[in-house]
Amino acid sequence: MAPEQTDTDVTAELAPGPLLRIGHGPLSVDIAPVAGGRVAQVMFDGVAWLVDYGPQNQAAIAWGSFPMLPWAGRVRRGKFDFHGPRQLPVNLGDHAIHGVALLLPWQVDEHSATHVAMSLPLPRDHRWPFGGRAHQRIEARERELHMTLSVTAGEQAMPVTLGWHPWFLKPDRLDFQPSRFYPRDAEGMATLPLAEPPPGPWDDCFINEQPVVLARGPQQLRLTSSCDHWVVYDQPAHATCVEPQSGPPDAFNLGSAQQLEPGATLSAWYRLAWD
């Protein structure tokens with residue numbers, strides 16, 4: 001593997017490192033700042049909800065719940081145009097996937113019994129040419145976990161999408177009622193125009209403005225977000241990913257990414273609430 005690829009390999013092992021714990025009542029949350037600022041595990045009333053790091057799930061892309069930024073999902077062949085042609089490292093198949101934040105250590109700015117705030121300077125090199133800075137806050141509240149993400153442009157304008165990629169342990173039931181979806185082409189990439197959602201199983205991006213509900217045993221988890229794009233990946237036997245995003249995969253090429261002027265910020269929130 002070439003040197004410029006080793007620091008973008010989402011399939012390489014990424015251990016959690018030191019964990020920070022927050023909680024509120026029956027809710028306990030472990031956070032791994034050095035492993036992409038991700039949530040390593042969420043426990044509610046003794047029940048685990050996320051796929052743990054372990055022998056079968058060592059890859060950076062395969063466990064916990066990680067932030068996706070400054071792009072979410074795939075960028076087709078890593079190529080897009082923004083004030084000229086751009087090339088991102090291709091790191092999964094033929095495409096560039098899930099941004100850079102999931103592989104980088106985040107700085108812990110605040111840590112209390114109920115919340116963690118972290119920040120990340122974005123690279124300005126072969127991984128991402130624009131720089132900028134990201135922030136996230138993870139807060140345990142009564143019967144809910146509230147997460148916010150933001151990206152602020154630096155001295156350069158830049159395109160941005162952001163979102164979350166949680167690996168939920170396989171639920172007994174998924175209640176999901178999207179209105180439209182992005183058909184995928186022969187490369188597995190999201191395309192336009194939007195269409196009627198097909199029956200599952202899915203590895204697709206949808207337009208959705210309704211709560212998404214996961215049930216496991218006696219517990220029911222309600223997911224809501226300020227984002228109206230949701231990727232659902234429920235093909236694996238062991239897990240289901242329910243990923244709110246500010247735009248679709250390949251948004252840089254579909255014309256649906258947010259364009260930030262220098263100093264401008266894009267932010268979003270994601271809430272997990274136990275009924």
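**Exercise 1.** In this predicted model, work out whether Asp125 is buried, partly exposed or exposed, then look at its salt-bridge partner.

*Solution.* Start with Asp125: its relative accessible area is 31%. Buried means under 20% and exposed means over 50%, so Asp125 is partly exposed. Next, find the partner: Arg127 forms a salt bridge with Asp125, and their closest N and O atoms are 2.7 Å apart. Finally, check Arg127 in the same way: at 17% relative accessible area, Arg127 is buried.

**Exercise 2.** Find out which parts of the chain the salt bridge between Arg77 and Glu187 ties together.

*Solution.* First, the pair itself: the closest N and O atoms of Arg77 and Glu187 sit 2.8 Å apart. Now place each one. Arg77 is in the loop between β6 (74–75) and β7 (79–81), while Glu187 is in the loop between β17 (180–181) and β18 (203–207), so the bridge ties together parts that are 110 residues apart in sequence. As for exposure, Arg77 comes out partly exposed at 38%, and Glu187 is partly exposed too, at 31%.

**Exercise 3.** Describe where Thr161 sits and what its side chain reaches.

*Solution.* Begin with the location: Thr161 is in the loop between β14 (158–160) and β15 (163–169). Then check accessibility: with a relative accessible area of 1%, Thr161 is buried. Next, follow the side chain of Thr161, which reaches the backbone nitrogen of Ala72 at 3.0 Å. To finish, list some contacts, setting aside neighbours within four places in sequence: Thr161 touches residues including Trp71, Ala72, Ser246 and Phe252.

How values were computed: Residues numbered from 1 in each chain as written. Predicted model: local features only at pLDDT ≥ 70, side-chain atom pairs only at ≥ 80, totals over all residues. Heavy atoms only, no water. Helix = DSSP H or I, 4+ residues; strand = E, 2+ residues; numbered from the N terminus. Buried < 20%, exposed > 50% of the residue type's maximum accessible area, 1.4 Å probe, protein only. Polar contact = N/O pair within 3.5 Å; in protein donor to acceptor, adjacent residues only side chain to side chain. Contact = heavy atoms within 4.5 Å. Salt bridge = Lys/Arg side-chain N within 4 Å of Asp/Glu carboxyl O.
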